[in-house]
Amino acid sequence: MKRNKHKIAIVGASGFTGSELTRLLASHPEVEIKHITSESHAGKAFSELHPQFLNIVDLTLEKADIIDTADLDIIFLALPHGVSMEFVGRWKDKNAKIIDLSGDFRLRSPAVYEAWYQKKHSFQEGFSNAVYGLPELTGEKVKSSQLIANPGCYPTASILSVAPLFANKLVENDTLIIDAKSGLTGAGIKASDTTHFSNVNENFKPYGIGSHRHTIEIEEQLSTLCEEGVTVQFTPHLLPVDRGILVTSYAKPKNEIDSEQLRKVYDDFYQEHPFIRIRDKAPSLKDVRGSHYCDIYPFWDSRTKRIISIAVIDNLLKGAASEAVHNMNLMLGIDQQTGLKQIPLKP
Ligand SMILES: NC(=O)C1=CN([C@@H]2O[C@H](COP(=O)(O)OP(=O)(O)OC[C@H]3O[C@@H](n4cnc5c(N)ncnc54)[C@H](OP(=O)(O)O)[C@@H]3O)[C@@H](O)[C@H]2O)C=CC1
Ligand SMILES: CC(=O)N[C@@H](CCC(=O)OP(=O)(O)O)C(=O)O
């Protein structure tokens, strides 16, 4: 007997993560895309806006507030922070589960959100049932959740790079430094001075020094893991590439460790997690580009007595769209790898 597919909508499908979601979900065997939305391109065929989808996804883009949510199982919100919260509030009594790709429900409380995002939160009740959806750490909670706060791209790579160390309470909690680099698609589809070709091409720069909102997201998740307060020095940089994030994390262990012990800590922690690959050498962006993998290389520097951990992800996939699909698979109770077996695209 033919099984009914789960019905989904992608709100914000014209943007970078929304179109990656559409690409993944169009060939996902268990779902059917019922609605895709855009405010500024409503009425156009999706394939007119993104010609790579011609004859594959020709659905018409609709305005978000007119879509019929009654028969939907899952709604993905690929919207800017500050906008997502409005839709979560509006659809709170609907049957559909929501996976929000923005930062609106990732933090512990509205007060923390307002301090770091410098923005009032208009749907504060949402915090009580939102689950931070990083499957390798919170997968069990994700399964029964109604509202997923999909992690930020930098936090995904950063947290995964050191989670085994914090979960095993191996490092001093105030010694973590994360040096992170992202490709330009992390900044969204709208052009700006920062993303202007001549400001990015053959250039490289840090930003958000000491104040980037992902700092608190990383601190909160690592604090939960080790059950103590964690502070992190987090510095993001803009790389002149389309996609990819590479983070280099440094921390001082409480007790001396050796390379073999360190490797075993990572292998054991990620043993059951097929999308984490522990590497013998430093990974590069193209080792994971176009895929849901996160590659991690842990290194013990016996001279400086520091642990260095290098992690790479595709910001639009493991850092956003494929992470959202992974969360959806867990929420639907289907094999977590469904629709996520893309092999990295290299060169
Ligand atoms: N890019 C990345 O690597 C990552 C992004 N994220 C987060 O995911 C979310 C989406 O990011 P991204 O795809 O890069 O963003 P984009 O800027 O590329 O796309 C934003 C989308 O939101 C829609 N939109 C904007 N304002 C409104 C509104 N008021 N009402 C309804 N729709 C609106 C836009 O539609 P329209 O066609 O009308 O302009 C567009 O489809 C953001 O919260 C971002 O922080 C998370 C992890 C990684
Ligand atoms: C390169 C770049 O600009 N990256 C974005 C982060 C993208 C992301 O994950 O943002 P959210 O947490 O808001 O979802 C930034 O630094 O603001």
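Over residues 7-145, the chain is 28% helix and 18% strand. The C-alpha atoms at the two ends of this stretch are 17 Å apart. UniProt, in an unreviewed entry, gives residues 7-145 the feature "domain: Semialdehyde dehydrogenase NAD-binding". The model shown here is predicted.

Now take the whole chain. It is divided into domain 1 (6-150 + 320-332) and domain 2 (154-313). Their C-alpha centres lie 25 Å apart. The contact between them takes 16 residues from domain 1 and 16 residues from domain 2. On the domain 1 side, the elements that give two or more residues are α4 (110-117), α5 (135-143) and α10 (321-332). By class, that side has eight nonpolar, four polar and four charged residues.

Next comes a sheet. It is open and has seven strands, in the order β9-β10-β8-β11-β14-β13-β12. The pairing is mixed. At the edges stand β9 (205-206) and β12 (276-278), and each of these pairs on one side only. Strands of a sheet pair through backbone hydrogen bonds, either parallel or antiparallel. Strand β8 (residues 176-182) and strand β11 (residues 245-251) take the antiparallel sense, over six bridges. One residue shows the pairing: A180 has V247, in β11, as its bridge partner.

A helix packs on this sheet: α6, residues 153-167. Helix α6 touches β8, β10 (232-238), β11, β12, β13 (294-301) and β14 (306-313). The direction of α6 makes about 35° with that of β11.

Two ligands remain. Start with ligand 1. There are 29 residues around it, and G15, E39, S102, G188 and I189 come nearest. Helix α1 (residues 16-26) gives the largest share of this shell, three residues. The shell divides into eleven nonpolar, 16 polar and two charged residues. Which domains supply ligand 1? Domain 1 and domain 2 each give at least three residues to its shell.

Ligand 2 has its own surroundings. The residues around it are H81, S102, G103, G152, C153, S182, G186, A187, H214, P236 and L238. By class, four are nonpolar, seven are polar and none is charged. Here too, domain 1 and domain 2 each contribute at least three residues to the shell.

Some names now recur. S102 is among the residues that come nearest to ligand 1, and S102 is also listed around ligand 2. C153 is listed around ligand 2, and helix α6 begins at residue 153. S182 is listed there as well, and strand β8 runs over residues 176-182.

Notes:
Residues numbered from 1 in each chain as written. Chains lettered and ligands numbered in written order. Predicted model: local features only at pLDDT ≥ 70, side-chain atom pairs only at ≥ 80, totals over all residues. Pairing = 2+ DSSP bridges. Helix = DSSP H or I, 4+ residues; strand = E, 2+ residues; numbered from the N terminus. Contact = placed C-beta atoms within 7 Å. Axes fitted to C-alpha atoms, helices over the stretch in contact; angles between N-to-C directions. Near = placed C-beta within 6 Å. Nonpolar A, V, L, I, M, F, W, Y, C, P; charged D, E, K, R; others polar. Domains from an automatic or database assignment. UniProt positions renumbered as here; feature names shortened; annotations may be inferred.
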